[in-house]
Amino acid sequence: MLLTETRDLLDTPVWPATARATQDGDLTVGGVRLSDIAQRYGTPAHVLDETDVRRRCADFRRAFPDAEITYAGKAFLCRAMARWIAEEGLSLDVCSAGELAVARSAGFPPERIIMHGNGKTPQDLKAAQEYGIGRLVVDCAAEITRLAALTNVEKRAQKLLVRVTPGIDGHTHAAMATGIEDQKFGFSLASGAAGDAVRRILAQRGLTLVGLHCHLGSQITDVDAYQDAARRMVALLAAVRDEHGVVLHQLDLGGGFAVPYRPGDQGLDPAALAGRLMAAVRSACASHRLPVPRITLEPGRAISARAGITLYRVLGIKHGATGRIFVTVNGGMSDNPRPSLYDARYTVRLVGRKAGAGSRAMTVVGRHCEAGDVLVHHAELPADLRPGDLLAVPCTGAYHHSMSSNYNLVTRPPVIAAHDGGSRLLIRRETELDLLRRDLS
(Lines give C-alpha, C1' and ligand atoms only; values in the text may rest on other atoms or scores of the structure.)
Protein backbone atom coordinates (compact mmCIF):
# COMPACT_ATOMS: atom_id res chain seq x y z
CA MET A 1 0.00 0.00 0.00
CA LEU A 2 1.25 3.51 -0.81
CA LEU A 3 2.04 5.90 2.00
CA THR A 4 -0.85 8.27 2.62
CA GLU A 5 1.32 11.37 2.58
CA THR A 6 2.72 10.50 -0.86
CA ARG A 7 -0.45 9.26 -2.50
CA ASP A 8 -1.94 12.76 -2.71
CA LEU A 9 1.28 14.18 -4.12
CA LEU A 10 1.49 11.58 -6.87
CA ASP A 11 -2.15 12.11 -7.75
CA THR A 12 -1.30 15.65 -8.80
CA PRO A 13 -0.83 15.99 -12.55
CA VAL A 14 2.85 17.02 -12.42
CA TRP A 15 4.08 13.42 -12.08
CA PRO A 16 4.12 10.82 -14.88
CA ALA A 17 1.13 8.54 -15.31
CA THR A 18 2.90 5.46 -13.93
CA ALA A 19 4.66 7.17 -10.98
CA ARG A 20 4.10 5.31 -7.71
CA ALA A 21 5.46 5.80 -4.19
CA THR A 22 7.01 2.93 -2.25
CA GLN A 23 6.92 2.36 1.49
CA ASP A 24 10.66 2.87 1.81
CA GLY A 25 10.58 6.40 0.34
CA ASP A 26 11.38 5.65 -3.29
CA LEU A 27 9.37 6.32 -6.45
CA THR A 28 8.84 4.00 -9.36
CA VAL A 29 8.18 5.05 -12.95
CA GLY A 30 7.22 2.45 -15.53
CA GLY A 31 7.67 -0.09 -12.74
CA VAL A 32 11.33 0.88 -12.22
CA ARG A 33 12.72 2.43 -9.02
CA LEU A 34 14.22 5.86 -9.55
CA SER A 35 17.03 5.01 -7.15
CA ASP A 36 17.90 2.01 -9.32
CA ILE A 37 17.94 4.21 -12.43
CA ALA A 38 20.26 6.66 -10.68
CA GLN A 39 22.54 3.83 -9.57
CA ARG A 40 22.68 2.30 -13.06
CA TYR A 41 22.93 5.41 -15.24
CA GLY A 42 24.30 8.05 -12.86
CA THR A 43 23.03 11.58 -12.31
CA PRO A 44 21.92 14.04 -13.51
CA ALA A 45 19.58 11.98 -15.65
CA HIS A 46 16.34 12.60 -17.50
CA VAL A 47 13.80 9.78 -17.10
CA LEU A 48 10.93 9.50 -19.58
CA ASP A 49 7.75 7.50 -18.96
CA GLU A 50 6.87 5.90 -22.31
CA THR A 51 3.36 5.01 -21.14
CA ASP A 52 2.67 8.63 -20.21
CA VAL A 53 3.73 9.85 -23.67
CA ARG A 54 1.51 7.32 -25.43
CA ARG A 55 -1.49 8.06 -23.19
CA ARG A 56 -1.30 11.78 -23.87
CA CYS A 57 -1.12 11.13 -27.62
CA ALA A 58 -4.26 9.03 -27.26
CA ASP A 59 -5.97 11.73 -25.16
CA PHE A 60 -5.52 14.30 -27.95
CA ARG A 61 -6.67 11.91 -30.66
CA ARG A 62 -9.74 11.01 -28.59
CA ALA A 63 -10.59 14.65 -27.91
CA PHE A 64 -10.12 15.69 -31.57
CA PRO A 65 -11.07 12.59 -33.61
CA ASP A 66 -11.39 14.49 -36.89
CA ALA A 67 -8.31 16.68 -36.49
CA GLU A 68 -4.66 16.09 -37.29
CA ILE A 69 -2.56 16.00 -34.12
CA THR A 70 1.03 17.02 -34.82
CA TYR A 71 3.68 16.60 -32.14
CA ALA A 72 5.94 19.65 -31.85
CA GLY A 73 9.36 18.00 -31.92
CA LYS A 74 11.14 21.04 -30.52
CA ALA A 75 9.82 20.06 -27.07
CA PHE A 76 11.86 16.86 -27.14
CA LEU A 77 12.89 14.67 -30.04
CA CYS A 78 14.96 11.57 -30.47
CA ARG A 79 14.53 8.53 -32.67
CA ALA A 80 12.56 6.59 -30.07
CA MET A 81 10.22 9.53 -29.51
CA ALA A 82 9.66 9.84 -33.25
CA ARG A 83 8.74 6.14 -33.41
CA TRP A 84 6.32 6.43 -30.48
CA ILE A 85 4.63 9.41 -32.10
CA ALA A 86 4.36 7.61 -35.45
CA GLU A 87 2.93 4.49 -33.82
CA GLU A 88 0.30 6.57 -32.02
CA GLY A 89 -0.87 8.02 -35.33
CA LEU A 90 0.39 11.58 -34.83
CA SER A 91 2.11 13.81 -37.35
CA LEU A 92 5.39 15.58 -36.54
CA ASP A 93 6.45 19.23 -36.56
CA VAL A 94 10.16 19.89 -37.16
CA CYS A 95 12.04 23.20 -37.23
CA SER A 96 15.40 22.35 -38.78
CA ALA A 97 17.31 19.97 -40.99
CA GLY A 98 18.69 18.44 -37.76
CA GLU A 99 15.25 17.60 -36.38
CA LEU A 100 14.28 16.33 -39.81
CA ALA A 101 17.38 14.10 -39.86
CA VAL A 102 16.26 12.49 -36.59
CA ALA A 103 12.77 11.91 -37.99
CA ARG A 104 14.18 10.55 -41.22
CA SER A 105 16.54 8.15 -39.45
CA ALA A 106 13.56 6.81 -37.48
CA GLY A 107 11.61 6.27 -40.71
CA PHE A 108 8.92 8.81 -39.85
CA PRO A 109 6.45 9.05 -42.77
CA PRO A 110 7.42 12.20 -44.73
CA GLU A 111 3.83 13.02 -45.69
CA ARG A 112 3.05 13.44 -41.97
CA ILE A 113 5.83 15.99 -41.36
CA ILE A 114 5.37 19.76 -41.18
CA MET A 115 8.36 22.11 -41.13
CA HIS A 116 8.24 25.34 -39.14
CA GLY A 117 10.65 28.14 -38.35
CA ASN A 118 10.95 31.89 -38.82
CA GLY A 119 14.47 31.56 -40.21
CA LYS A 120 14.71 28.40 -42.26
CA THR A 121 18.06 28.18 -43.98
CA PRO A 122 18.52 27.05 -47.59
CA GLN A 123 19.83 23.78 -46.12
CA ASP A 124 16.61 23.34 -44.11
CA LEU A 125 14.48 23.92 -47.20
CA LYS A 126 16.55 21.59 -49.35
CA ALA A 127 16.38 18.82 -46.72
CA ALA A 128 12.60 19.22 -46.59
CA GLN A 129 12.32 18.98 -50.35
CA GLU A 130 14.64 15.97 -50.57
CA TYR A 131 12.66 14.00 -48.00
CA GLY A 132 9.34 15.03 -49.54
CA ILE A 133 7.71 16.37 -46.38
CA GLY A 134 3.97 16.92 -46.43
CA ARG A 135 3.80 20.65 -45.74
CA LEU A 136 6.03 23.61 -45.04
CA VAL A 137 4.91 26.69 -43.08
CA VAL A 138 6.05 29.90 -44.78
CA ASP A 139 7.13 32.52 -42.25
CA CYS A 140 8.72 35.30 -44.32
CA ALA A 141 8.64 36.66 -47.87
CA ALA A 142 12.21 35.56 -48.67
CA GLU A 143 11.18 31.94 -48.12
CA ILE A 144 8.64 32.20 -50.91
CA THR A 145 11.38 33.27 -53.33
CA ARG A 146 13.76 30.54 -52.14
CA LEU A 147 11.08 27.86 -52.35
CA ALA A 148 10.06 28.93 -55.84
CA ALA A 149 13.67 28.66 -57.02
CA LEU A 150 14.21 25.35 -55.23
CA THR A 151 11.00 23.92 -56.64
CA ASN A 152 12.13 24.78 -60.17
CA VAL A 153 15.30 22.79 -59.53
CA GLU A 154 13.65 19.86 -57.78
CA LYS A 155 10.56 19.85 -60.02
CA ARG A 156 8.29 19.04 -57.08
CA ALA A 157 5.48 21.34 -56.00
CA GLN A 158 5.74 21.93 -52.26
CA LYS A 159 2.51 22.19 -50.26
CA LEU A 160 2.55 25.32 -48.11
CA LEU A 161 0.78 26.92 -45.18
CA VAL A 162 1.11 30.65 -44.45
CA ARG A 163 1.89 31.50 -40.85
CA VAL A 164 -0.39 34.33 -39.79
CA THR A 165 0.03 36.59 -36.76
CA PRO A 166 -3.62 36.97 -35.72
CA GLY A 167 -3.07 39.68 -33.08
CA ILE A 168 -4.34 37.52 -30.22
CA ASP A 169 -2.85 37.82 -26.74
CA GLY A 170 -2.72 34.41 -25.09
CA HIS A 171 -1.92 36.04 -21.70
CA THR A 172 1.31 34.12 -21.24
CA HIS A 173 4.90 35.08 -20.41
CA ALA A 174 6.14 37.78 -22.79
CA ALA A 175 8.98 35.56 -24.01
CA MET A 176 6.44 32.88 -24.98
CA ALA A 177 3.88 35.08 -26.77
CA THR A 178 3.87 34.49 -30.54
CA GLY A 179 0.35 35.48 -31.59
CA ILE A 180 0.68 39.19 -30.87
CA GLU A 181 1.92 41.93 -33.20
CA ASP A 182 5.50 43.19 -33.29
CA GLN A 183 7.34 39.91 -32.76
CA LYS A 184 9.39 37.76 -35.09
CA PHE A 185 6.90 35.09 -36.14
CA GLY A 186 4.52 35.07 -39.10
CA PHE A 187 2.79 37.58 -41.36
CA SER A 188 0.64 40.21 -39.68
CA LEU A 189 -3.08 39.91 -40.31
CA ALA A 190 -3.76 43.51 -39.30
CA SER A 191 -1.15 45.06 -41.61
CA GLY A 192 -2.21 43.05 -44.63
CA ALA A 193 1.11 41.18 -44.82
CA ALA A 194 -0.67 37.83 -44.54
CA GLY A 195 -2.85 38.65 -47.54
CA ASP A 196 0.23 39.73 -49.51
CA ALA A 197 1.96 36.43 -48.74
CA VAL A 198 -1.06 34.50 -50.01
CA ARG A 199 -1.01 36.50 -53.25
CA ARG A 200 2.70 35.88 -53.80
CA ILE A 201 2.38 32.13 -53.30
CA LEU A 202 -0.66 31.82 -55.55
CA ALA A 203 1.29 33.65 -58.27
CA GLN A 204 4.01 30.95 -58.26
CA ARG A 205 3.23 27.94 -60.42
CA GLY A 206 5.53 25.59 -58.54
CA LEU A 207 4.05 26.30 -55.11
CA THR A 208 0.79 24.92 -53.76
CA LEU A 209 -0.99 26.83 -51.01
CA VAL A 210 -3.14 24.41 -49.00
CA GLY A 211 -3.97 26.37 -45.85
CA LEU A 212 -3.19 28.83 -43.08
CA HIS A 213 -1.40 28.52 -39.77
CA CYS A 214 -1.20 30.47 -36.52
CA HIS A 215 0.35 29.94 -33.10
CA LEU A 216 -0.48 32.00 -30.03
CA GLY A 217 2.42 31.08 -27.76
CA SER A 218 3.18 28.66 -24.94
CA GLN A 219 1.64 27.80 -21.58
CA ILE A 220 -1.77 29.18 -22.57
CA THR A 221 -4.75 28.39 -20.35
CA ASP A 222 -7.28 30.71 -22.00
CA VAL A 223 -9.66 28.78 -24.30
CA ASP A 224 -11.21 32.10 -25.38
CA ALA A 225 -7.90 33.03 -27.02
CA TYR A 226 -8.00 29.92 -29.19
CA GLN A 227 -11.62 30.59 -30.12
CA ASP A 228 -10.83 34.19 -31.10
CA ALA A 229 -7.88 33.01 -33.20
CA ALA A 230 -10.06 30.44 -34.95
CA ARG A 231 -12.63 33.07 -35.86
CA ARG A 232 -10.01 35.45 -37.29
CA MET A 233 -8.35 32.68 -39.25
CA VAL A 234 -11.64 31.48 -40.73
CA ALA A 235 -12.40 35.07 -41.74
CA LEU A 236 -9.07 35.14 -43.59
CA LEU A 237 -9.92 31.84 -45.31
CA ALA A 238 -13.13 33.51 -46.50
CA ALA A 239 -11.21 36.57 -47.70
CA VAL A 240 -8.88 34.34 -49.72
CA ARG A 241 -11.87 32.64 -51.30
CA ASP A 242 -13.55 35.94 -52.11
CA GLU A 243 -10.42 37.50 -53.66
CA HIS A 244 -8.88 34.52 -55.43
CA GLY A 245 -11.69 32.00 -55.82
CA VAL A 246 -9.56 29.49 -53.88
CA VAL A 247 -10.95 27.48 -50.98
CA LEU A 248 -8.14 26.40 -48.63
CA HIS A 249 -8.98 23.18 -46.85
CA GLN A 250 -6.43 23.16 -44.02
CA LEU A 251 -6.25 25.31 -40.87
CA ASP A 252 -3.47 24.80 -38.36
CA LEU A 253 -4.26 26.45 -35.02
CA GLY A 254 -0.92 25.65 -33.40
CA GLY A 255 -0.31 24.46 -29.87
CA GLY A 256 0.93 26.02 -26.66
CA PHE A 257 -1.51 24.21 -24.37
CA ALA A 258 -0.53 24.82 -20.75
CA VAL A 259 0.61 22.06 -18.40
CA PRO A 260 0.97 22.31 -14.61
CA TYR A 261 4.52 22.34 -13.28
CA ARG A 262 3.58 22.47 -9.59
CA PRO A 263 0.58 21.22 -7.62
CA GLY A 264 -2.19 23.76 -8.03
CA ASP A 265 -0.96 25.13 -11.38
CA GLN A 266 -3.60 25.46 -14.07
CA GLY A 267 -3.39 23.31 -17.19
CA LEU A 268 -5.46 22.97 -20.35
CA ASP A 269 -7.16 19.60 -20.80
CA PRO A 270 -7.61 18.45 -24.43
CA ALA A 271 -11.20 17.34 -23.82
CA ALA A 272 -12.10 20.70 -22.25
CA LEU A 273 -10.55 22.54 -25.19
CA ALA A 274 -12.04 20.40 -27.96
CA GLY A 275 -15.72 21.19 -27.62
CA ARG A 276 -15.38 24.96 -27.42
CA LEU A 277 -12.67 25.26 -30.06
CA MET A 278 -14.39 23.09 -32.65
CA ALA A 279 -17.71 24.85 -31.98
CA ALA A 280 -16.02 28.19 -32.73
CA VAL A 281 -14.57 26.83 -35.99
CA ARG A 282 -17.89 25.38 -37.17
CA SER A 283 -19.81 28.53 -36.25
CA ALA A 284 -17.34 30.80 -38.06
CA CYS A 285 -17.38 28.59 -41.14
CA ALA A 286 -21.17 28.60 -41.22
CA SER A 287 -21.19 32.39 -40.91
CA HIS A 288 -18.82 32.74 -43.89
CA ARG A 289 -20.42 29.86 -45.85
CA LEU A 290 -17.19 27.92 -45.91
CA PRO A 291 -16.68 24.16 -45.62
CA VAL A 292 -15.10 23.25 -42.30
CA PRO A 293 -11.34 22.84 -42.98
CA ARG A 294 -9.18 20.01 -41.68
CA ILE A 295 -7.91 21.26 -38.34
CA THR A 296 -4.33 20.66 -37.22
CA LEU A 297 -3.16 21.08 -33.62
CA GLU A 298 0.46 21.02 -32.46
CA PRO A 299 0.91 19.88 -28.85
CA GLY A 300 4.52 19.46 -27.79
CA ARG A 301 4.88 20.28 -24.11
CA ALA A 302 1.39 18.84 -23.52
CA ILE A 303 2.61 15.47 -24.82
CA SER A 304 6.09 15.14 -23.31
CA ALA A 305 6.48 17.48 -20.30
CA ARG A 306 4.79 15.43 -17.60
CA ALA A 307 6.39 12.21 -18.83
CA GLY A 308 9.78 13.49 -17.68
CA ILE A 309 11.58 13.46 -14.33
CA THR A 310 15.13 14.74 -13.75
CA LEU A 311 17.27 13.10 -11.07
CA TYR A 312 20.03 14.96 -9.21
CA ARG A 313 22.43 14.18 -6.39
CA VAL A 314 22.85 16.66 -3.55
CA LEU A 315 26.43 17.95 -3.51
CA GLY A 316 26.24 20.25 -0.51
CA ILE A 317 23.98 22.23 1.82
CA LYS A 318 24.83 25.80 2.77
CA HIS A 319 23.18 28.10 5.32
CA GLY A 320 23.15 31.73 4.21
CA ALA A 321 23.56 34.77 6.47
CA THR A 322 19.83 35.54 6.28
CA GLY A 323 18.84 32.00 7.19
CA ARG A 324 18.17 30.74 3.70
CA ILE A 325 19.27 27.16 3.04
CA PHE A 326 20.90 26.48 -0.31
CA VAL A 327 20.95 22.92 -1.64
CA THR A 328 23.50 22.48 -4.43
CA VAL A 329 22.94 19.64 -6.90
CA ASN A 330 25.12 18.17 -9.64
CA GLY A 331 23.18 19.74 -12.51
CA GLY A 332 21.54 23.08 -13.14
CA MET A 333 20.94 25.56 -15.91
CA SER A 334 22.82 23.47 -18.48
CA ASP A 335 20.16 20.75 -18.24
CA ASN A 336 17.24 23.04 -17.29
CA PRO A 337 17.57 26.65 -18.51
CA ARG A 338 13.86 27.42 -18.12
CA PRO A 339 14.01 28.95 -14.60
CA SER A 340 16.67 31.38 -15.82
CA LEU A 341 14.93 32.14 -19.13
CA TYR A 342 11.28 32.26 -18.10
CA ASP A 343 11.30 32.27 -14.30
CA ALA A 344 9.76 28.80 -14.54
CA ARG A 345 8.86 27.22 -11.19
CA TYR A 346 9.11 23.54 -10.27
CA THR A 347 8.53 21.20 -7.37
CA VAL A 348 11.06 18.68 -6.04
CA ARG A 349 11.10 15.73 -3.65
CA LEU A 350 13.54 13.40 -1.97
CA VAL A 351 13.57 9.84 -3.36
CA GLY A 352 15.51 6.70 -2.47
CA ARG A 353 15.04 6.78 1.31
CA LYS A 354 12.48 7.61 3.96
CA ALA A 355 12.74 11.14 5.30
CA GLY A 356 13.02 11.99 8.95
CA ALA A 357 10.46 14.09 10.76
CA GLY A 358 9.86 17.66 9.69
CA SER A 359 10.68 19.73 6.63
CA ARG A 360 12.26 23.10 5.90
CA ALA A 361 12.10 25.63 3.07
CA MET A 362 15.19 25.35 0.89
CA THR A 363 16.44 26.74 -2.41
CA VAL A 364 17.73 24.13 -4.85
CA VAL A 365 20.57 25.60 -6.92
CA GLY A 366 22.76 24.33 -9.73
CA ARG A 367 26.50 23.91 -9.99
CA HIS A 368 27.11 26.60 -12.62
CA CYS A 369 28.95 29.88 -12.13
CA GLU A 370 25.84 32.05 -12.35
CA ALA A 371 23.82 33.61 -9.55
CA GLY A 372 20.70 32.92 -11.59
CA ASP A 373 21.33 29.16 -11.65
CA VAL A 374 18.39 28.35 -9.39
CA LEU A 375 16.31 25.24 -10.14
CA VAL A 376 13.63 25.34 -7.43
CA HIS A 377 12.68 28.28 -5.23
CA HIS A 378 11.02 27.71 -1.84
CA ALA A 379 11.25 23.92 -1.96
CA GLU A 380 9.86 22.06 1.05
CA LEU A 381 12.44 19.35 1.68
CA PRO A 382 13.17 17.07 4.65
CA ALA A 383 15.04 18.73 7.48
CA ASP A 384 17.50 15.81 7.50
CA LEU A 385 18.52 16.30 3.85
CA ARG A 386 22.22 15.55 3.38
CA PRO A 387 24.90 15.33 0.66
CA GLY A 388 24.48 12.24 -1.52
CA ASP A 389 20.68 12.28 -1.32
CA LEU A 390 18.71 11.80 -4.53
CA LEU A 391 16.23 14.48 -5.62
CA ALA A 392 13.56 14.17 -8.31
CA VAL A 393 12.15 17.16 -10.24
CA PRO A 394 8.97 16.31 -12.18
CA CYS A 395 7.56 17.74 -15.41
CA THR A 396 10.92 17.96 -17.17
CA GLY A 397 10.15 16.09 -20.39
CA ALA A 398 9.82 19.21 -22.56
CA TYR A 399 12.38 21.94 -23.31
CA HIS A 400 15.00 20.47 -21.00
CA HIS A 401 17.15 18.10 -22.99
CA SER A 402 16.26 19.97 -26.19
CA MET A 403 17.49 23.30 -24.73
CA SER A 404 20.43 21.88 -22.79
CA SER A 405 23.92 23.29 -23.21
CA ASN A 406 27.56 22.70 -22.32
CA TYR A 407 27.90 25.80 -20.17
CA ASN A 408 31.07 25.54 -18.06
CA LEU A 409 31.79 22.60 -20.41
CA VAL A 410 29.51 20.41 -18.33
CA THR A 411 28.41 17.34 -20.27
CA ARG A 412 24.74 16.83 -21.04
CA PRO A 413 22.82 14.12 -19.16
CA PRO A 414 21.31 10.98 -20.66
CA VAL A 415 17.65 10.33 -21.41
CA ILE A 416 16.34 7.01 -20.10
CA ALA A 417 13.00 5.43 -20.99
CA ALA A 418 11.14 3.54 -18.27
CA HIS A 419 8.45 1.11 -19.39
CA ASP A 420 6.89 -2.18 -18.25
CA GLY A 421 9.41 -2.79 -15.50
CA GLY A 422 12.51 -2.07 -17.56
CA SER A 423 14.71 0.88 -18.49
CA ARG A 424 16.83 1.65 -21.54
CA LEU A 425 18.99 4.47 -22.81
CA LEU A 426 17.42 6.67 -25.47
CA ILE A 427 20.27 9.21 -25.48
CA ARG A 428 23.57 8.37 -23.78
CA ARG A 429 25.39 10.67 -21.40
CA GLU A 430 27.75 13.06 -23.15
CA THR A 431 31.44 12.62 -22.30
CA GLU A 432 34.44 14.90 -22.11
CA LEU A 433 35.76 13.12 -25.20
CA ASP A 434 32.63 14.29 -27.05
CA LEU A 435 33.54 17.87 -26.13
CA LEU A 436 37.15 17.50 -27.19
CA ARG A 437 36.28 15.93 -30.55
CA ARG A 438 34.79 19.22 -31.70
CA ASP A 439 37.74 21.28 -30.50
CA LEU A 440 40.18 21.21 -33.43
CA SER A 441 42.60 23.78 -32.04
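A residue counts as buried when its relative accessible area is under 20%. Thr-70 has 0% relative accessibility and therefore counts as buried. The structure described here is a predicted model.

**Two buried strand residues**

Thr-70 lies in strand E5, which covers residues 68-72. Apart from neighbours within four places in sequence, Thr-70 is in contact with Ser-91, Leu-92, Asp-93, Ile-114, Thr-296, Leu-297, Glu-298 and Pro-299.

Leu-390 belongs to strand E19, residues 390-394. Its relative accessible area is 3%, so Leu-390 is buried as well. When residues up to four places away in sequence are not counted, Leu-390 touches Leu-34, Ser-35, Ala-38, Thr-43, Leu-311, Tyr-312, Arg-313, Arg-349, Leu-350 and Val-351. Between Leu-390 and Arg-353 the C-alpha to C-alpha distance is 8.5 Å, while the two are 37 residues apart in sequence.

**Strand pairing around E14**

Among the residues touched by Leu-390 are Leu-311, Tyr-312 and Arg-313; strand E14 spans residues 308-319. E14 pairs with E4, E19 and E15, as the table sets out.

| Strand pair | Sense | Bridges | Example of opposite residues |
|---|---|---|---|
| E4 (residues 45-49) and E14 (residues 308-319) | antiparallel | four | His-46 and Thr-310 |
| E14 and E19 | antiparallel | five | Thr-310 and Val-393 |
| E14 and E15 (residues 325-329) | antiparallel | five | Val-314 and Val-329 |

Thr-310 appears in two of these rows: it is the bridge partner of His-46, and it also stands opposite Val-393 in E19. E14 and E15 are joined as a hairpin, with five residues between them. In the turn of this hairpin, Gly-323 has a positive phi of about 100°.

**A sheet of three strands**

Strands E1, E2 and E3 form an open sheet in the order E1-E2-E3, and the pairing is antiparallel. E1 (20-21) and E3 (32-33) are the edge strands, each pairing on one side only. Two bridges connect E1 with E2, which covers residues 27-29. Arg-20 has Thr-28 as its bridge partner in E2.

**Helices**

How are two packed helices described? The description uses the angle between their axes and the distance between the axes. Helix H8 (residues 193-202) packs against helix H9 (residues 223-244) at an angle of about 45°, and the axes are 11 Å apart. H8 is therefore oblique to H9. The crossing of the two helices is right-handed. On the H8 side the contact is made by Ala-194, Val-198, Arg-199 and Leu-202, and on the H9 side by Leu-236, Val-240, Glu-243 and His-244. By class, the residues of this contact comprise five nonpolar, one polar and two charged.

Which residues of helix H6 are buried? In H6, residues 122-131, they are Asp-124, Leu-125, Ala-127, Ala-128, Gln-129 and Tyr-131. Gly-132 follows H6 and has a positive phi, near 75°.

Technical notes:
Residues are numbered from 1 along each chain as its sequence is written. This is a predicted model: local features need pLDDT of at least 70, side-chain atom pairs count only at pLDDT 80 or more; totals for chains, interfaces and linings use all residues. Side-chain values use heavy atoms; hydrogens and water are left out. Axes are lines fitted to C-alpha atoms, for helices over the stretch in contact, and angles run from 0 to 180 degrees between N-to-C directions. Angles under 35 degrees count as roughly parallel, over 145 as roughly antiparallel, 65 to 115 as roughly perpendicular and the rest as oblique. A crossing is left-handed if the near helix is turned anticlockwise from the far one by less than a right angle, and right-handed if clockwise. Contact means heavy atoms within 4.5 Å. Ala, Val, Leu, Ile, Met, Phe, Trp, Tyr, Cys and Pro count as nonpolar, Asp, Glu, Lys and Arg as charged, and the others, Gly among them, as polar. Buried means under 20% relative accessible area, exposed over 50%, partly exposed in between (1.4 Å probe, protein chains only). Two strands pair if DSSP finds at least two bridges between them.
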